[in-house]
Amino acid sequence: MTKKPFLWGGALAAHQFEGGWNEGGKGPSVVDVMTAGAHGVARQITQDIEAGKFYPNHTAIDFYHHYKEDIKLFAELGLKCLRTSIAWTRIFPKGDELEPNEAGLQFYDDVFDELIANGIEPVITLSHFEIPLHIARQYGGFRNRKTVEFFERFAISCFERYKNKVKYWMTFNEINNQMDTSNPIFFWTNSGVQVKPGENPQEVLYQVAHYELLASAKAVIAGKKINPNFEIGCMISHVPIYPYSCNPEDMMASEIAMHQRFFFPDVHVRGYYPSYALKEFEREGYQLDITEEDLACLKQGTVDYIGFSYYMSTVVKADVNNDNRDNIVNGALPNAVENPYIKSSDWGWPIDPEGLRYTLNRLYDRYQLPLFIVENGFGAIDELEHDNQIHDKPRIEYLGAHIKAMQKAMNYDGVDVIGYTAWGIIDVVSFTTGEMKKRYGVIYVDRDNEGNGSMKRYKKESFEWYKNVIKTNGQSL
Ligand code: BG6
């Protein structure tokens, strides 16, 4: 069991809250060409930034100009850590430069200093859907081996600059989202890749995945040389896949579907490709550029811990085949069905706290590495009332139930959990929909879907609640 103080915190990602998309020498990233969508309406990826279109991440909640005020609120909340990311395009605006952009490096120095002065440890993801647009357009993102080199240079610049300020790092956020090749935004934000007509998305996926896993391993190797005390983790989205029934066929369908969840962490943690993947490459005749030298790198650059997000679970049934992908519950899986035992959020995300305990057990049994819950939260509509109060009881219920499930996994099942960072601790632009209306924060930001609002910050009811959770080390829920 971990002896260190538990890392209670909040989680954010540069592109979803910083704004200042073209300030301080920053270049455009893949998210800067994504328009706003809504529940059931996909975000568009435009070729470049087009006049007359609204790109919600450009301004987001303007942390770039509000960071002192926001960090003050985080300190009042008692956060022990803030998990956020470094926008790659602030450091390397195009991605292929040889030298980093000093103004970008300085911005994160200022932010990290401010956090540390307020007793908050920065926990940093290197790439949270923020690949430079230039790399995507000119090099095809992670289709290209050169991008491995660009990422390594970016990682080294960050490790060197912040080696005395940051201990916990993660390489790629939710690297496994792209396993769902049916939704273009996952490939685009994970890897800067768009599938071309006539291509086999699955084959593209495995090549891209290999370069990205290699880039992650190279970053780990380089990071450990710069500071051997770094803790460098991976970051995966974990949505457990239950069998619909005890019918052995449903059980097997869920077991096979879980390979989609385990493929990336299997390589990050063990340092080699799992046999089910090697069999798939062979069976399908995929021609992948994987060298002996790459394999040696994967072996050497394994991670120290597993960071993961947990929001929901899903269910598969062997005799179901959803041909119409739009009707699929939770994307990706063609045999997914509704879980009749649990409710869903307004955005159709199933609410399943027990699934977090299950996930913690499953990941710990498989990998025996410390686990860090770096995202968990409830996206909902919040109303700012006349007296400036926001009553967000459903969020308190959601977070409380998930924290309880985590405590059960730690105290009863003996799972080693380093920390818990609630997603979107302050309202941010939603990743999948680009909306402001889908709010996660314990701090409300006066900004709407169309970009109107005063940007003023207000504490929600959940603010005092979470503050007390942290103060009592999780005793008061
Ligand atoms: C995770 C991402 O997928 O879930 C975050 O790492 C994202 O970037 C979060 O915001 C919640 O998703 P959404 O679409 O509700 O914002």
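**Overall fold, a helix pair and the ligand shell**

The protein contains 14 helices and 13 strands. Its radius of gyration is 21 Å, close to the 23 Å that the globule rule gives for 477 residues, so the protein is as compact as a globular protein of that length. Along the principal axes, the C-alpha atoms occupy a box of roughly 60 × 55 × 50 Å. The model described here is predicted.

Among the helices, α6 and α8 form a pair that may be followed in detail. Helix α6 spans residues 146-161 and helix α8 spans residues 201-226; their axes come within 9 Å and cross at roughly 30°. Angles under 35 degrees count as roughly parallel, and α6 and α8 are therefore roughly parallel to each other. The crossing of these two helices is right-handed. On the α6 side, the contact is made by Thr147, Val148, Phe151, Glu152, Ala155, Ile156, Phe159 and Glu160. Helix α8 contributes Tyr211, Leu214, Ala215, Lys218, Ala219, Ala222, Gly223 and Ile226. By class, the residues of this contact between α6 and α8 comprise eleven nonpolar, two polar and three charged.

The surroundings of the ligand complete the description. There are 14 residues around the ligand, and of these Glu174, Gly379, Ser430, Phe431 and Thr432 come nearest. The shell around the ligand divides into three nonpolar, eight polar and three charged residues. The two sets of residues may thus be set side by side: eleven nonpolar residues belong to the contact of α6 with α8, whereas three nonpolar residues belong to the shell around the ligand.

Terms used. Residues numbered from 1 in each chain as written. Predicted model: local features only at pLDDT ≥ 70, side-chain atom pairs only at ≥ 80, totals over all residues. Near = placed C-beta within 6 Å. Nonpolar A, V, L, I, M, F, W, Y, C, P; charged D, E, K, R; others polar. Axes fitted to C-alpha atoms, helices over the stretch in contact; angles between N-to-C directions. Helix = DSSP H or I, 4+ residues; strand = E, 2+ residues; numbered from the N terminus. Parallel < 35°, antiparallel > 145°, perpendicular 65-115°, else oblique. Left-handed = near helix turned anticlockwise from the far one by under 90°. Contact = placed C-beta atoms within 7 Å. Rg over C-alpha atoms; globule rule 2.2 N^0.38 Å.
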